[in-house]
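Biologist: Got a minute to walk me through this one? I'd like to start at the ligand and then look at the aromatic rings.

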Amino acid sequence: MNQMNKSKNWYRDAVVYQIYPRSFYDTSSSGIGNINGITAKLDYLKGGPEGLGIDAIWISPIFTSPMADFGYDVANYTDIDPIFGTIKDFKNLLEQAHARNIRVILDFVPNHTSDKHPWFIESASTRDNPKRDWYTWRDPAVDNGPPNNWLSYFRGSAWQYSEATGQYYLHSFLTKQADLNWDNPEVREAMKQAMRFWLDMGVDGFRVDAVDGLSKDAELRDEPLAPYHDPAVRPYNYTDLLHPFSRDGPHLYERLNEMASVMAEYDNRFMINEAHPKGDDIVVGYAEYYAAIDPDNSAPFNFQCIYLPWQANAFRSYIDHFQSTMLPNYTPIYTLGNHDEPRLASRIGIPATRTAAMLLLTLPGMPFMYYGDEIGIENVAIFPDQVRDPFAEPGKGRDPERTPMQWDASANAGFTNGQPWLPVAADYAERNVAVQLANNASLLHLYKSLLKFRKSSVALREGSYQSIDCGEQIFGYIRKNESHSLVILLNFSDQAQPLPESLQLEEIMLSTISNRSIQNSAWLEPHEGQIRGLKLSDFNC
Ligand code: BGC
């Protein structure tokens, strides 16, 4: 049954599709997506005649969890939550995915467990429990308040008082997500064992959550106020403190390397770290990650393309800088969206989503797509009584980008026969997979064409990257290997743009405008992206 392509280093150029499992497809009528739902849609992703053509899926956490943070609060690292199914369902998914040559990446959450994890329950029970030191416990400060000024990323102090033992425990996120103490070698060993459990089963890799917290200041020193913060104006929150002590501590790289060395025990596995390097120049921070943590088994997520303004110059200068630090055995990870950030289509506008698709799928490395971006799902308005995200302040939060996948025009967009856990977008009858599969000019078709093109082009998958000067509004770059040179031209503006005469271009091989005539090919239409051949003899690069 296992048809998987054995090619070594599959991850170097794999296109990964992130699935937020609660919202993908529900086969149980619970209103929440499940593992069998993912299996049922594998042909959509790859394999069937309508297949999108991705290489791997990353599934946000499916482990046993009270779901305080929807799976990012794990209560058992080696079992599946019944909401999503069973280990048997997961093994079936793995087998079916591999049969279609789709790799499976799980979401590993090492920084914290649920407060319902048996380790934490033991740890919290008495001061002399053998698991006490698996978490960080401290006496109250002299005023009986928290031991230091550290803040939770979500809100309030990072410390929670526990009556039973009269001490506080540390939590970088919700109070229900207690931070593991990675200084304790038993904790590190337990986490490595959990990784091996899934790797033994055949899982191809991990996306590793919130790694910044894996090493903290041993003395738990107070964090300084950010220089721009004025306490007279308002009380401080997470972004008003600098975080030299609660994150990115002195043992961070060593610990990530310990995890990378577990990956290295197996053949052809890879981990992608949710890293947020500090510093004035973030690219330097990323470069440090690559240099310090075995790049043959891991890479840091590069989130900057989510935060950049949608401007050709901004993308060109950032990507030039980033690529200039990439060595041959580094895997760049580009992404334009995930379950923590507002939807791509809402950030840049629907017309630009076609340009963005071409950008993401023509850059070097391992691009990550977020489910639903291939049909242009936008942020969905969430009314106060529909809010589910524990991070959400009224009107905010991450629910808008986590709404159900829009499969067809039937009730609930074909996502569930039950009551969906989050509302479905109002425009689902027009914006859905079935409608877009039937329309050759749709965004979904563009994604399919781009994925097909990428698959067939060694220059796109393995070639070098070099940007070219095409004026203010166009981001242009060459992807080149020994035999082919492609030029990618992306018009970031809503006005037609002339192409520089100096570019000696061959014909348009793929345009984001599906029925574009090749007349007037000296222009890019508004928001248009093109892939062309380049006459290298006329261009010095
Ligand atoms: C995940 C979030 C999660 C947090 C705590 C992250 O960075 O992506 O969704 O809430 O870690 O686990």
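Biologist: By class, how many nonpolar, polar and charged residues does the shell around the ligand have?

Modeller: Bear in mind that this is a predicted model. There are 13 residues around the ligand, with D69, H112, D209, E274 and D340 the closest. Split by class, that shell comes to 3 nonpolar, 3 polar and 7 charged residues.

Biologist: And how far is an oxygen atom of the ligand from an N or O atom in the side chain of E274?

Modeller: Let's go through the polar contacts. R207 puts a polar side-chain atom 3.0 Å from a ligand oxygen, and for the side chain of D209 the distance is 2.9 Å. With E274, the distance from a ligand oxygen to a side-chain N or O atom is 2.6 Å.

Biologist: How much of the ligand's accessible area does the protein cover?

Modeller: On its own, the ligand has 310 Å² of accessible area. The share covered by the protein is 95%.

Biologist: On to the rings: what kind of aromatic pair do F301 and F368 form?

Modeller: F301 sits in the loop between β13 and α8, and F368 in strand β14, 67 residues apart. Both count as buried, F301 at 2% relative accessible area and F368 at 1%. Their ring centres are 4.7 Å apart, and since the planes meet at 65°, the pair is edge-to-face.

Biologist: Which residue has its charged end over the ring of Y371?

Modeller: Y371 belongs to an aromatic cluster whose members include Y370 and W407. The charged end over its ring lies 4.7 Å from the centre, and it comes from R343.

Terms used. Residues are numbered from 1 along each chain as its sequence is written. This is a predicted model: local features need pLDDT of at least 70, side-chain atom pairs count only at pLDDT 80 or more; totals for chains, interfaces and linings use all residues. Side-chain values use heavy atoms; hydrogens and water are left out. A residue is near a molecule or strand if one of its heavy atoms lies within 4 Å of it. A polar contact is a pair of N or O atoms within 3.5 Å; within protein, one must be able to donate a hydrogen and the other to accept it, and residues adjacent in sequence count only if both atoms are side-chain atoms. Accessible areas come from the Shrake-Rupley method with a 1.4 Å probe; for residues, only the protein chains shown count as cover. Ala, Val, Leu, Ile, Met, Phe, Trp, Tyr, Cys and Pro count as nonpolar, Asp, Glu, Lys and Arg as charged, and the others, Gly among them, as polar. Rings of Phe, Tyr and Trp (its six-membered ring) pair if their centres lie within 6.5 Å; planes under 30 degrees apart count as stacked, over 60 as edge-to-face and the rest as tilted. Helices (H or I, at least four residues) and strands (E, at least two) are DSSP runs, numbered from the N terminus. Buried means under 20% relative accessible area, exposed over 50%, partly exposed in between (1.4 Å probe, protein chains only). A charge sits over a ring if NZ of Lys or CZ of Arg is within 6 Å of the ring centre and within 35 degrees of the ring normal.
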